[in-house]
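Reader: I am new to this structure and should like to understand the terms used to describe it. Please take me through the reasoning behind each one.

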Amino acid sequence: MKYALLIYSQTTAEEYAGFVAAARQAAGNAGPVEGPWLDYTRAAREAGVLVGAEQLTHSETATSVRVGNGDRVITDGPFMETKEHLLGFYLVDVDDLDAALDWAHRMPARPGQTVEVRAALSGLPWQRALTE
Amino acid sequence: MAAGTDGIAGTTRLERAFREEWGTVVGTLARRLGDLQAAEDAAAEAFAAAAAAWARDGVPPNPGGWLTVTAWRKAVDAHRAGGARAASVDPQVLGQVNAAPADELAEPAMAETLGDDRLGLIFACCHPALAEEVRVALTLRFVAGLTTREIAAAFVVPEATLAQRLVRAKRKIRESGIRFTVPPQRRLAERLRSVRAVVYLVFNEGFASGGGELIRRDLCEEAIWLGRLLARLFPDDAETAGLLALMLLHQSRAAARVSADGRPVPLAEQDRSLWDAALVSEGVAVLDMALTRHSPGPYQFQAAIAALHGTAGSFESTDWAQIALLYGALARLDPSPVVEVNRAVAVGMADGGPAGLAVLAPVLAAGTLDQYGPLHAAHGFLLEKAGHPERARAAWARATESAGNSAVRDELLRRHGLFFI
């Protein structure tokens, strides 16, 4: 079963920009790159469960498109204004909810962050287009 | 109910089969179908068929096997007929069996370990991914076999609300990938803790109702039934035995806990001749077995306290020093101001009022239990013992005041169980 592990955080856009800059700098350094998220991602890949993962820009930079009757309305900002922002996700393929919860638990998320675990639906007609 | 005529005997055996087999049949079907709704529908049809067939032909030698085979056939039929019900089951599961007669497929499965299917069902119903009140409702419905109406009545919610809650829970189990299996060893302790907590919540719900409505008191019986089942399925688990012992010992005092006019009677004033001696000795025996495992836990400590009460000749001659030590051990394992209130009373009985007041002082100062009647009752009791009748009267007055706030008290009873009355 596929599960999305959705990482939510109260990090503000400014804080987040700082973290991202520091992470990029570390990645650009000479020598072996280390880091808990790197280890986690490697472990998931080596276990054969990793389908995909992305880290997103802060929700402050989001643009929303509301679909209307033939027209569209573009607004600055996320669909919902909340204190918790979706900042990234992993997509894993594991046997059951317990295994997905274990992978969520293993994440090196910081205190205060929350990982929402959502099972993906399967057996739907549109999904054929993913592999055609 | 005595089984008099054949007809009544048939009904009684059907009721017994229902109680004993419902969880097994639902568990077997749920594991094989991966869907609780389809399992419930098929099991309900099989039990309805049994009511008709057994009244006519008598109860078969293996009622559980009969019910499982019949339920499996009903599930296969429902799938063949198509429709909404079939859609919830993975077509691969039933698709493979369409070519073969249903009973050929069902027979070998039945011969397998039936207990395992019921266990898997219990773990799914008590999965920590489900809200606590949902775990309780699922367990009562699918493991204990209570009807939706009975559960709704016991928890004083509209039947439609509870039914909707169960529908949502069944969908979550199916769609989120909660399996009807026993968790692997490394997760077993955590998951078993959740199962025990659900059973104890059911018990306390019934216990907190005191002399209330019959349906809520029945929850104690249901919880004990579940506790016995768990203890059979996990014979080596000390805390599971501790939980069963605790419930048996609490239940032994049921007849004495409520006065003729329906008011709760505190432990000190209970007529001990009304206590159920058989339940006391069973509880003590179960606890003794648990203690030989040398794996202490909160349920065993609470059961040990209940056992000391259960075997004491009177309130005064109770081994209060030992009870105070046990409350201390419990507080270290599972700190709670409610435990401290009880420890204060025990210390007061063992070492005198001032010693008990010293234990109670931080709880009173913290103020978190201000609305909790038993805190002020304990305070009054200890003040009186320490020779302060004036101040004791003030505390009693607060206790009476807070007693009106039964919601707070009921909630605390549900959360922490009942020690002191």
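Author: The model is predicted. A suitable starting point is B:Arg141, which has its place in helix 8 (residues 132-143) of chain B.

Reader: Why is B:Arg141 called buried?

Author: A residue counts as buried if 20 or more other C-beta atoms lie within 10 Å of its own. B:Arg141 has 24 other C-beta atoms within 10 Å, and is therefore buried.

Reader: Which residues does B:Arg141 touch, leaving aside those up to four places away in sequence?

Author: B:Arg141 touches B:Leu146, B:Thr148, B:Ile151 and B:Leu166. Two residues are in contact if their C-beta atoms lie within 7 Å. As for B:Glu40, it is 101 residues from B:Arg141 in sequence, and the two are 9.7 Å apart in space, C-alpha to C-alpha.

Reader: What makes up the secondary structure of chain B?

Author: Chain B has 22 helices and zero strands. Of its 421 residues, 43% count as buried. Among the contacts in chain B between residues at least 6 apart in sequence, 64% join residues at least 24 apart.

Reader: How is the packing of helix 13 of chain B and helix 16 of chain B described?

Author: Two packed helices are described by the angle between their axes and the distance between the axes. For helix 13 (residues 238-251) and helix 16 (residues 298-310) of chain B, the angle is about 30 degrees and the axes are 8 Å apart. The crossing of these two helices of chain B is left-handed. Among the residues that meet are B:Gly242, B:Leu246 and B:Leu249 in helix 13 of chain B, and B:Ala303, B:Ala306 and B:Gly310 in helix 16 of chain B. The residues of this contact divide into nine nonpolar, five polar and one charged.

Reader: In chain A, what is the strand order of the open sheet of four strands?

Author: The order is 2-5-1-6, with antiparallel pairing. Strand 2 (50-55) and strand 6 of chain A are the edge strands, since each pairs on one side only. Neighbouring strands of this sheet are turned by 20 degrees against each other on average, direction ignored.

Reader: How do you know that strand 2 of chain A and strand 5 of chain A pair?

Author: Two strands pair if DSSP finds at least two bridges between them. Strand 2 and strand 5 (residues 85-93) of chain A have five bridges, in the antiparallel sense; the requirement is therefore met. A:Glu54 stands opposite A:Phe89 in strand 5 of chain A. Helix 2 (residues 36-46) of chain A lies across both strands, running at about 160 degrees to strand 2 of chain A.

Reader: Why is strand 4 of chain A said to lie largely in the open?

Author: Of the five residues of strand 4 of chain A, the number buried is zero, so the strand lies largely in the open. Five bridges join strand 4 of chain A to strand 3 (residues 63-67) of chain A, and the two run antiparallel. A:Arg66 stands opposite A:Val73 in strand 4 of chain A. The hairpin of these strands has four residues between them, and A:Gly70 takes a positive phi near 85 degrees.

Reader: Which elements of chain A have the lowest and the highest mean pLDDT?

Author: Strand 4 (residues 72-76) of chain A has the lowest, 89, and strand 6 (residues 114-119) of chain A the highest, 97. Chain A averages a pLDDT of 92, and 100% of the residues score at least 70.

Reader: How many residues of each chain are in contact with the other chain?

Author: Five residues of chain A are in contact with eight residues of chain B. On the side of chain A that touches chain B, three residues are nonpolar, none is polar and two are charged.

Notes
Residues are numbered from 1 along each chain as its sequence is written. Chains are lettered from A and ligands numbered from 1 in the order in which they are written. This is a predicted model: local features need pLDDT of at least 70, side-chain atom pairs count only at pLDDT 80 or more; totals for chains, interfaces and linings use all residues. A residue is buried if 20 or more other C-beta atoms lie within 10 Å of its own, exposed if 12 or fewer, and partly exposed in between; C-beta atoms are placed from the backbone. Ala, Val, Leu, Ile, Met, Phe, Trp, Tyr, Cys and Pro count as nonpolar, Asp, Glu, Lys and Arg as charged, and the others, Gly among them, as polar. pLDDT is the predictor's confidence in each residue, from 0 to 100. Axes are lines fitted to C-alpha atoms, for helices over the stretch in contact, and angles run from 0 to 180 degrees between N-to-C directions. A crossing is left-handed if the near helix is turned anticlockwise from the far one by less than a right angle, and right-handed if clockwise.
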